[in-house]
Structures are given as C-alpha cells and as structure tokens.
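Colleague: Could you take a close look at one part of this model for me? I'd like to go through a single helix and the strands around it, with whatever context helps.

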Amino acid sequence: MSKYVTAADAVKVVKSGDRVYLQAAAAAPTILSNALTERASELRNVEICHLHVEGEARYANPALAESFHVNSFFIGANVRHTLKAGNGSYTPVFLSELPHLFRKNVLPLDVAFIHVSPPDRHGYCSLGVSVEATVAAIENAKIVVAQVNPQMPRTFGDGILHVSEID
C-alpha cells in the first residue's frame, strides 16, 4: 500500500491544539508547512516548534495568530517579526538538550514534519542535510509526516530511517 499523498492531504492529520515540530535549517519541510498554513481558517492554537528554518515561514504571519503560535528554539529573520508582534515564543535551550525535552515529554509532540530523500531499495530514507533534534522528534511524535524530495542528499549515520517509521 502506498503511503504517498499530496501535501494538502498529509497535513490533515494536524488538529487544533496540536504541537508540530518542523525539521530545521535547509531541510525545513516548506511544502508541508505551507500546506498547513493553507488550513489556517480550520485550525486554532496550533503550536509550531522549530530551530532555525530556512525559507519562508508563512505560518508566522501575525494575521494568523489565532491559528498558529510559533515556538522557536532559535530566532531567525523569517520569524522574528511574529515574535515581536506577540505571536510567538522563544524557548532558550542548548541544541544538545532539545532532544531531551522531547524524550522526557517536557515538550510532547503531536506531529513531526520532516524532509527526506526517497527510500532506497530496502525502504530507508535519509534526513539529509539536517539531523539536529529531528531523530528525537520522530521517536516521540504521535504522527510523523515526511516531505519526500529526490534532491535531498542522502547522508548516513543517525539520520537514516525506515519508511515504516513514517505515517
């Protein structure tokens, strides 16, 4: 059975009141976060957590404050304006400590949005250019949604996961 769906269908797993983690830096799953932003009128109080994310962050638009609350562990230019407007939080934490917040359920995750390479012939994908706290997010989120990108470089080590770990 194929687990591939459109981004619009994939983000339907997010409900009002959920906490969503976005993979960071150049691996930010922008297609998924943009699809989630398109659902703003249906959602309330969705907390979006992340380290620095590259590219646009449409969910950080202060006009969407009733739908999305940004909880940033690193304040980049693309979310700074929304925190200044009062639609966000900065949680100061050492990068090395962030996985503990997920694993000890200090920050329980409902959904993790990740960005991976296509699976190899054995069903393994790579988190590519940004592993950071994503492994802990995958291990602890109730639901894992992956944006699959044939341009994502395949890296090895802790950033390898089997498709069975993706919902």
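Modeller: Sure, and keep in mind that this is a predicted model. Let's start with helix H2, which is mostly covered: 6 of its 8 residues are buried. Those buried residues are Leu32, Ser33, Asn34, Ala35, Leu36 and Thr37. What do they pack against? The buried residues of H2 have helix H1 (7-10) as a packing partner, along with strands E1, E2, E3, E5 and E7.

That list of strands leads straight to the sheet. The sheet is an open one, built from 6 strands with parallel pairing, and its order is E4-E3-E2-E1-E5-E7. At its edges stand E4 (88-90) and E7 (143-148); each has a single partner strand, so one side of each is left without a neighbour in the sheet. On average, neighbouring strands here are turned by 20° against each other, ignoring direction. Helix H2, residues 30-37, packs on this sheet and touches E1 (19-22), E2, E3, E5 (111-116) and E7. Its direction makes about 115° with that of E7.

Now for the strand pairs under the helix. E2 (residues 46-50) and E3 (residues 68-72) run parallel and are joined by 5 bridges. If you want one pair to click on, take Cys49, whose bridge partner in E3 is Asn71. Moving along the sheet, E1 is joined to E5 by 3 bridges, again running parallel. Here Leu22 stands opposite Phe113 of E5. On the other side of E5, 6 bridges link this strand to E7, also in parallel, and Val111 stands opposite Ile143 in E7.

E5 deserves a pause of its own. Is E5 enclosed or open to the outside? Of its 6 residues, 6 are buried, so E5 is largely enclosed by the rest of the structure. In a regular strand, side chains alternate between the two faces of the sheet. For E5, both faces are covered: Val111, Phe113 and His115 are buried on one side, and Ala112, Ile114 and Val116 are buried on the other.

Just ahead of E5 comes Asp110, in the loop that runs from helix H4 (98-103) to E5. Buried is the word for Asp110 too, because its relative accessibility is 15% and the cut-off is under 20%. Its side chain reaches the backbone nitrogen of Arg19 at 2.7 Å. Leaving aside neighbours within four places in sequence, Asp110 contacts Gly17, Asp18 and Arg19, and also Ala141, Lys142 and Ile143. Two of the names there have come up already: Arg19 is the residue whose backbone nitrogen the Asp110 side chain reaches, and Ile143 is the one opposite Val111.

Back towards the helix, there is a backbone detail to check in the loop between E1 and H2, where Ala25 is found. The phi of Ala25 is near 55°, which is positive even though the residue is not a glycine. Ala25 counts as partly exposed, with 27% relative accessibility. Something similar turns up in the loop between E6 and H5, which holds Glu132. Glu132 is not a glycine either, and its phi is positive at about 25°. At 26% relative accessibility, Glu132 is partly exposed.

The loop between E6 (124-126) and H5 (134-140) also contains Gly128. Gly128, however, is buried, with a relative accessible area of 6%. Beyond its neighbours within four places in sequence, Gly128 is in contact with Met152, Pro153 and Thr155. From Gly128 to Gln151 it is 23 residues in sequence but 9.6 Å in space, C-alpha to C-alpha.

Finally, zooming out to put the helix in context. The protein chain has 5 helices and 8 strands, in the order α-β-α-β-β-α-β-α-β-β-α-β-β from the N terminus on. Its radius of gyration is 15 Å, which agrees with the value near 15 Å for a compact globule of 167 residues. The C-alpha trace spans about 45 × 35 × 30 Å along its principal axes. Buried residues account for 48% of the 167. Taking contacts between residues at least 6 apart in sequence, 67% join residues at least 24 apart. As for the accessible surface, that comes to about 8,300 Å², with 56% belonging to carbon and sulfur atoms.

Methods. Residues are numbered from 1 along each chain as its sequence is written. This is a predicted model: local features need pLDDT of at least 70, side-chain atom pairs count only at pLDDT 80 or more; totals for chains, interfaces and linings use all residues. Side-chain values use heavy atoms; hydrogens and water are left out. Two strands pair if DSSP finds at least two bridges between them. Helices (H or I, at least four residues) and strands (E, at least two) are DSSP runs, numbered from the N terminus. Axes are lines fitted to C-alpha atoms, for helices over the stretch in contact, and angles run from 0 to 180 degrees between N-to-C directions. Contact means heavy atoms within 4.5 Å. Buried means under 20% relative accessible area, exposed over 50%, partly exposed in between (1.4 Å probe, protein chains only). A polar contact is a pair of N or O atoms within 3.5 Å; within protein, one must be able to donate a hydrogen and the other to accept it, and residues adjacent in sequence count only if both atoms are side-chain atoms. The radius of gyration is taken over C-alpha atoms; the globule rule is 2.2 Å times the number of residues to the power 0.38. Accessible areas come from the Shrake-Rupley method with a 1.4 Å probe; for residues, only the protein chains shown count as cover.
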